[in-house]
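Reader: I would like a close look at a single part of this protein. Please keep it brisk, and then place that part in the wider picture.

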Amino acid sequence: MKAKEFSYTQAKLRHLTIRQLRALAALSARGSVTAASEQLGLTQPAVTQQLHQLQGLAGLPLVQRTGDGMLLTTAGREVLVLAERIEAAIMDCQGALDLLAGRTGGVVSIGAVSTAKYFVPHAIAAFSKRHPKIEIKLTIGNREEIREAMHGYDLDFAVMGRPPADISVDVRQLGRNPHIIIARKGHWLERDRGLNLTDLVHETFLTREPGSGTRILMEGLFQKSDLEPTIGMEMSSNETIKQAVIAGLGIAFISAHTVAHELAEGRLVMLDVAGLPIVRQWFAIRRSDKILLPPAQAMFDFMGSEGSNYLPEVSLAK
């Protein structure tokens, strides 16, 4: 495309409307003009007209009809990203206006990987004592779920162990996240010192589901030694893994922060394995292009400056 033609397309896009973008978003979500019109409370001809006008401004087909319904083209998905960003900006603006008008203390939306649930609520509680009018919404998920949520703009920031590689982010380092191998009290390897991974290949490992940060880290540990762990059961909850280990169903590679109480109480033991613990870091992460309102910025800064105070205390000495 020539420079003059490109500039003309840019100029036309400046005339798009929120109604047109919402029509495209509704069509993408519902799969048909009929369903989109019901969602928007408009007539089908009105929705069709909005889509036709938006496509004319874009200068490219935005929608294609398939056997599975109306789907967005590559160009349509690009415009949909714009719609999502604009809707997020509108919500941010509304929040800022509510703050200025004294109608609310603001809302902060935080995502956290499931392992972080052992300290994030304590940090939130401390922050809320200082800022009781600020509402905190916490979403817990595995690494893949939180990473996917970071692709949108609903979360103000997330707490996780490794920043997504495919998103430009700003980070605040919170503290160390040691990973260890645990067994039930009385396990036959409990008193052994200097174990190697080869000593564990015949043990049954209880693991998180694929996509979990802990699972990825465990697989990387064994791959470096050209070994493969024996997987017994996959579980989506650290709590379930802990109870299964206590019950004697196997051993587990896990963040020490998830088992701090059980180790202190003697219900679980940490095996002395060479090369462990593997220490990663906890981070608070936000999209670089996500503008944080004052309440979210205050919480983000709080996590960066004081978040480490709420990490569980774990003795790693054997």
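Is Lys290 buried or exposed, and what is its relative accessible area?

Author: Note that the model is a predicted one. Lys290 is buried. Its relative accessible area is 5%. The cut-off for buried is under 20%, so Lys290 meets it.

Now its place in the chain. Lys290 sits in a loop. That loop runs between strand β11 (278-287) and helix α11 (294-306).

Next, its contacts. Set aside the neighbours within four places in sequence. Lys290 then touches Asp92, Tyr153, Leu155 and Asp156.

The helix after this loop, α11, leads to another buried group. Helix α11 is among the elements that cover the buried residues of α6. Strands β3 (107-113), β4 (135-141) and β5 (157-160) are also part of that cover.

Helix α6 itself spans residues 120-130. Its buried residues are Val120, Ala123, Ile124, Ala126 and Phe127. They span an arc of only 160° around the axis, so they lie on the same side of α6. A general rule fits here: an α-helix has 3.6 residues a turn, so residues three or four places apart point the same way. The other side of α6 has exposed residues, His122 and Lys129.

Past α11 comes a contrast to Lys290. Glu313 lies in the segment after α11. Glu313 has a relative accessibility of 77%, so it counts as exposed. The cut-off for exposed is over 50%. Glu313 and Lys242 are 71 residues apart in sequence. Their C-alpha atoms are 18 Å apart in space.

Now the whole protein. It has 11 helices and 11 strands. Its radius of gyration is 25 Å. The globule rule gives 20 Å for 318 residues, so the protein is more spread out than a compact globule. The C-alpha atoms fill a box of roughly 75 × 50 × 40 Å along the principal axes.

Buried residues, Lys290 being one of them, make up 44% of the 318 residues. Take the contacts with a separation of 6 or more. Of these, 75% join residues 24 or more positions apart.

Last, surface and charge. The protein exposes about 16,800 Å². Carbon and sulfur atoms supply 52% of that area. There are 35 positive and 33 negative side chains. The centres of the two sets lie 5 Å apart.

Note on methods:
Residues numbered from 1 in each chain as written. Predicted model: local features only at pLDDT ≥ 70, side-chain atom pairs only at ≥ 80, totals over all residues. Heavy atoms only, no water. Helix = DSSP H or I, 4+ residues; strand = E, 2+ residues; numbered from the N terminus. Rg over C-alpha atoms; globule rule 2.2 N^0.38 Å. Buried < 20%, exposed > 50% of the residue type's maximum accessible area, 1.4 Å probe, protein only. Contact = heavy atoms within 4.5 Å. Areas by Shrake-Rupley, 256 points an atom, 1.4 Å probe, with all protein chains shown as cover. Lys, Arg positive; Asp, Glu negative; His and termini not counted. Charge placed at Lys NZ, Arg CZ, Asp CG, Glu CD. Arc of directions from axis to C-beta.
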